[in-house]
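Please open the structure in a viewer and keep the selection panel at hand. The tour that follows proceeds one selection at a time.

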Amino acid sequence: MDAIRVPAPPKQAFNMQRPMSDLIKSQIKHLKHVEYRLPQELRDTLPKHRIITENDAAIYIAAMTGLLLNRPAAPKVVKMPVKKSRTPVSTSSTRTLSLAASAEKKIASKSSRARKKKAASKKRTTPASVKRKKS
Amino acid sequence: MLDRTLPGIQNLKHVVVLMMENRSFDHMLGALHTKYPQIDGLTGHETNLDSTGEPITVSPDAEYQSQLDPDPDHHFPAVDLQIFGGVTTAQNPNRAPNMEGFVKSYFNQQHSVAHSHKILSYFTPDKLPVLTTLATEFAVFNRWFSSIPGPTLCNRAFAHYGTSFGQVSMDVFYWNKQYKSIYERLVAAGHSTQLYYFDQASSSLEVINLLQNQPSLFGTFQDFLDACSRNKLPEYSFIEPNYTDHEDPNGGGELIASDQHPDHDVRAGEQFIVKVYNAIRNNPKLWPNTAILIAYDEHGGIYDHVKPPACTPDGFVAQPSATGTPDPFHFDRLGVRVPAVLISPWIARGTVINETFEHASIPATLTEFLIGEYSQRSPREIAANTFLGYINQPTMRSNSDCPAFKND
């Protein structure tokens, strides 16, 4: 069976200035809901631009997603007194899922933190196979 | 009960689900009915009355982009109108779906009679070579419905949890309620699983629970491709397409949305499906033992002619304040039908599946296949049909017998 050729969208199909759809507005709303539970020092690292277009949304979403992937502890922790020690605070909340709890234990080790940082850096790399060169 | 003696099931090691956005079955696959009468698509004579009372016929003139702008309303009240044809006040409890309110619903957004007719447009197969080829070369579902007559997030929740926890809207703020996600169940049972979003700038729609609390479950689409090439694919993968046109934050150029959500170009979604398919199809160590399901989360307000059936109630009730209609919703009726295609070299060409499925079938299938008996599931998931039994051929199809695609 010969390979079927699949047409690409034309260049003009790309419009990062397109206003956000309701779907992306909801995604932003959910991320904001999560953001407001984060410590101020983490929130301070987030971009503060107005979010109108798809690209505006993408910039904020990328920052929030990176923050969620790399933060040292689950958001429940922020309800507890903040320690000056750099050791992540563990939570005894019964609502915390066991999986999250085990992840925290791993993060508590310094070497594991380094591995995670490296992995996160890798995740930020753009998928090479899906890039379209700028015209 | 899954027949584990089937050769395709004995070989099966991986299940990959790709969930696209907001297109109805008839819009994408309805035209296949002409050549394949067993596919429950369009005769070309289906109509809706427009706001002037004129009957408007479905039209094979769907465009890749710019036709469905503004985004057709698919929140609960609008879908109620689309399904029931306009009875939204003082409702008759015996009212029945008639699928006659799509044009009226789209008219409500711009009050343009001419523009409202576009909601009846559908693609001819030549315009969607990937989805239509996969549907006819492997298995297409005639009766895969969205789980709720409503928008994206509550429907996607059914794919993750087998329920939306009583939500019919985008305000899905649940966490660690009585039903675990399929991913948490699999991890607890010692299985491997991953949700792959496109990249960090597109991210996941499953923010409140999984991304916030279980970030280790997530990877990028590049991670998926790498896992395929290194033969490290998890037992269960769920893939989310790119939801936005955006600049690569790392300077890699323009990244076009591939979710097919109006008004994104449908061709980008076709090419994205090819990337997923080729990553499996072109790896001889994965192709014989991987099943791929492509499904759309909901119909996006676009016309479909099949009336959504009643279903097992979910044990939740959404009050009128949540539904935006005069009546509460008991989660006892499915949403509008969506495209769904099951791919494996152990499936016979031209398989058409007539049993009823919905997104709760996804966790139901993975639970049956990988976990077995598991009682802590929603009534909807427990009642949902599972789909791996269609991987049922005695011998595997040869490479030359399965379609190949090449993105331009």
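Two strands are said to pair if DSSP finds at least two bridges between them. The model on display is predicted.

**First selection: a pairing between chains.** Select strand 1 of chain A, residues 4–6, together with strand 15 of chain B, residues 405–407. These strands run parallel, and three bridges join them. To locate one of the bridges, select A:I4, whose partner in strand 15 of chain B is B:F405.

**Second selection: the contact between chains A and B.** Now display the residues at which the chains touch: chain A contributes 51 residues and chain B contributes 60. On the chain B side, highlight helix 11, residues 266–281, which supplies six residues, the largest share of that side. Colouring the chain B side by class should show 24 nonpolar, 22 polar and 14 charged residues.

**Third selection: a sheet in chain B.** Hide chain A and turn to the open sheet that eight strands of chain B form. Followed across the sheet, the strand order is 7-6-8-1-11-12-4-13, with mixed pairing. Which strands lie at the edges? They are strand 7 (218–220) and strand 13 (351–353) of chain B, each of which pairs on one side only. On average, neighbouring strands of this sheet are turned by 20 degrees against each other, with direction ignored.

**Fourth selection: two strands within this sheet.** Select strand 6 of chain B, residues 193–197, and strand 8 of chain B, residues 236–239. Four bridges join these parallel strands. To finish, select B:T193 and look across to strand 8 of chain B, where B:Y236 stands opposite.

Note on methods
Residues are numbered from 1 along each chain as its sequence is written. Chains are lettered from A and ligands numbered from 1 in the order in which they are written. This is a predicted model: local features need pLDDT of at least 70, side-chain atom pairs count only at pLDDT 80 or more; totals for chains, interfaces and linings use all residues. Two residues are in contact if their C-beta atoms, placed from the backbone, lie within 7 Å. Ala, Val, Leu, Ile, Met, Phe, Trp, Tyr, Cys and Pro count as nonpolar, Asp, Glu, Lys and Arg as charged, and the others, Gly among them, as polar. Axes are lines fitted to C-alpha atoms, for helices over the stretch in contact, and angles run from 0 to 180 degrees between N-to-C directions.
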